[in-house]
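Trainee: I'd like to go through this protein with you. Could we start with its aromatic rings and then look at some helices?

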Amino acid sequence: MFYRLMKMIVAPLLRIFFRPWIEGEENIPTEGAAIIASNHLSFSDSFFFPALIKRRVTFIAKAEYFNTPGLKGRLTAAFFKGVGQLPVDRSGVRGAGEAAIRSAIAVLDRGELFGVYPEGTRSPDGKLYRGKVGGLARVALATGAPVIPVAMIDTEKVQPPGQVIPSFGIRPGIRIGRPLDFSRYHGMENDRFILRSVTDEVMYEIMRLSGQEYVDVYATAAKRQIADEKKKADAERRAAAKAEKAEAEKAAEAEQAAVKDQPDQQDQQDQKDQKDQKDQKDQKGTGSA
């Protein structure tokens with residue numbers, strides 16, 4: 001119900017205000033199970049892709065979207081539940097990953113579309129990061145469903161990480177690749193080398209579609225590194241500002257001391273002039289005598 005309402009209201013609004021383009025929509029089957037594997041640039045990805053394709057797609061979303069307190073948290077949770085998103089706990093709690101995989105398999109068993117972001121989180125800088133082994137590959141091998149690579153284009157410019165209100169005047173896009181068949185690996189979902197191979201093949205196709213620079217590290221690690229570098233840069237800026245302030249205060253004190261010393265120097269000069277004048281008079285007096 002809510003999903004259909006979203007399609008009826010949100011999709012036309014997105015088309016009016018952002019004029020998004022889509023390529024390769026014919027690569028999504030009109031019926032039957034399939035896995036949508038997309039890069040993840042922005043929070044708005046969760047709006048643009050489901051709104052613009054004809055079939056319903058169920059993505060997994062981080063659990064924080066479902067349990068954040070406050071009015072904003074409740075509205076966000078209502079939206080994601082309404083459009084059929086599945087919460088996944090990324091905190092490392094034992095069994096959370098298995099529960100997400102079982103939920104994904106159930107979606108595919110119903111002949112529906114299941115969506116996943118292999119990077120596991122949004123890109124912090126617009127680059128494409130290493131896909132996480134596990135969810136995507138295991139679900140694909142367990143179900144035999146084809147994997148459809150998808151590239152979201154310029155959505156990070158519409159709504160960069162941390163920005164609440166989207167920017168207008170930018171036209172994002174969606175590029176959908178041909179389905180990838182991994183049936184040759186069926187029954188090998190517990191082989192970690194096979195899982196890595198499947199994941200890397202999907203990430204290569206996403207890179208080819210998106211044109212993004214590929215970085216062979218996990219996005220979560222990149223986020224930590226960027227945050228640490230920002231923290232270090234902020235600390236260096238604060239230290240430089242503190243040193244500059246101390247230098248300015250020192251210069252001001254020196255200037256005040258110089259101003260204070262000027263009367264004393266003038267007095268000394270006056271005394272010297274008076275002494276010179278007296279000595280000259282004494283010399284004249286002695287000469288006259």
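Trainee: Which residues form one aromatic cluster?

Mentor: Keep in mind that this is a predicted model. A search of the whole structure turns up six aromatic pairs. As for the cluster, its members are Phe17, Phe18, Phe48 and Phe168.

Trainee: How do the rings of Phe49 and Phe59 pair: stacked or edge-to-face?

Mentor: Two things describe a pair of aromatic rings: the distance of the centres and the angle of the planes. For Phe49 and Phe59, the centres are 6.1 Å apart and the planes sit at 90°. Planes over 60 degrees apart count as edge-to-face. So the pair of Phe49 and Phe59 is edge-to-face.

Trainee: How many residues apart are Phe49 and Phe59, and where do they sit?

Mentor: The pair links distant parts of the chain. Phe49 belongs to helix H2 (residues 45-52), while Phe59 is in strand S3 (residues 57-62). Along the chain, they are ten residues apart.

Trainee: Are Phe49 and Phe59 buried or exposed?

Mentor: The cut-off you need is that buried means under 20% relative accessible area. Phe49 has 1%, and Phe59 has 3%. So Phe49 is buried, and Phe59 counts as buried.

Trainee: What kind of aromatic pair do Phe59 and Tyr117 form?

Mentor: Here the rings are 4.9 Å centre to centre, with 20° between the planes. Planes under 30 degrees apart count as stacked. The pair of Phe59 and Tyr117 is therefore stacked.

Trainee: Where is Tyr117, and how many residues apart are Phe59 and Tyr117?

Mentor: Tyr117 lies in the loop between strand S5 (113-116) and strand S6 (128-129). Tyr117 counts as buried, at 12% relative accessibility. Phe59 in strand S3 and Tyr117 are 58 residues apart.

Trainee: Which residues is Phe59 in contact with, leaving aside its neighbours within four places in sequence?

Mentor: You've already met two of them, the ring partners Phe49 and Tyr117. Both are on the contact list of Phe59. In full, that list reads Ile36, Phe49, Gln85, Leu86, Gly115, Val116 and Tyr117.

Trainee: Now the helices: why is H6 called roughly perpendicular to H8?

Mentor: The axes of helix H6 (residues 135-143) and helix H8 (residues 192-210) come within 9 Å and cross at roughly 105°. Angles of 65 to 115 degrees count as roughly perpendicular. That makes H6, relative to H8, roughly perpendicular.

Trainee: How many residues of the contact of H6 with H8 are nonpolar, polar and charged?

Mentor: On the H6 side are Leu136, Ala137, Arg138 and Leu141. They meet Ile194, Leu195, Val198, Thr199 and Val202 in H8. Sorted by type, the residues are seven nonpolar, one polar and one charged.

Methods
Residues are numbered from 1 along each chain as its sequence is written. This is a predicted model: local features need pLDDT of at least 70, side-chain atom pairs count only at pLDDT 80 or more; totals for chains, interfaces and linings use all residues. Side-chain values use heavy atoms; hydrogens and water are left out. Axes are lines fitted to C-alpha atoms, for helices over the stretch in contact, and angles run from 0 to 180 degrees between N-to-C directions. Helices (H or I, at least four residues) and strands (E, at least two) are DSSP runs, numbered from the N terminus. Angles under 35 degrees count as roughly parallel, over 145 as roughly antiparallel, 65 to 115 as roughly perpendicular and the rest as oblique. Contact means heavy atoms within 4.5 Å. Ala, Val, Leu, Ile, Met, Phe, Trp, Tyr, Cys and Pro count as nonpolar, Asp, Glu, Lys and Arg as charged, and the others, Gly among them, as polar. Rings of Phe, Tyr and Trp (its six-membered ring) pair if their centres lie within 6.5 Å; planes under 30 degrees apart count as stacked, over 60 as edge-to-face and the rest as tilted. Buried means under 20% relative accessible area, exposed over 50%, partly exposed in between (1.4 Å probe, protein chains only).
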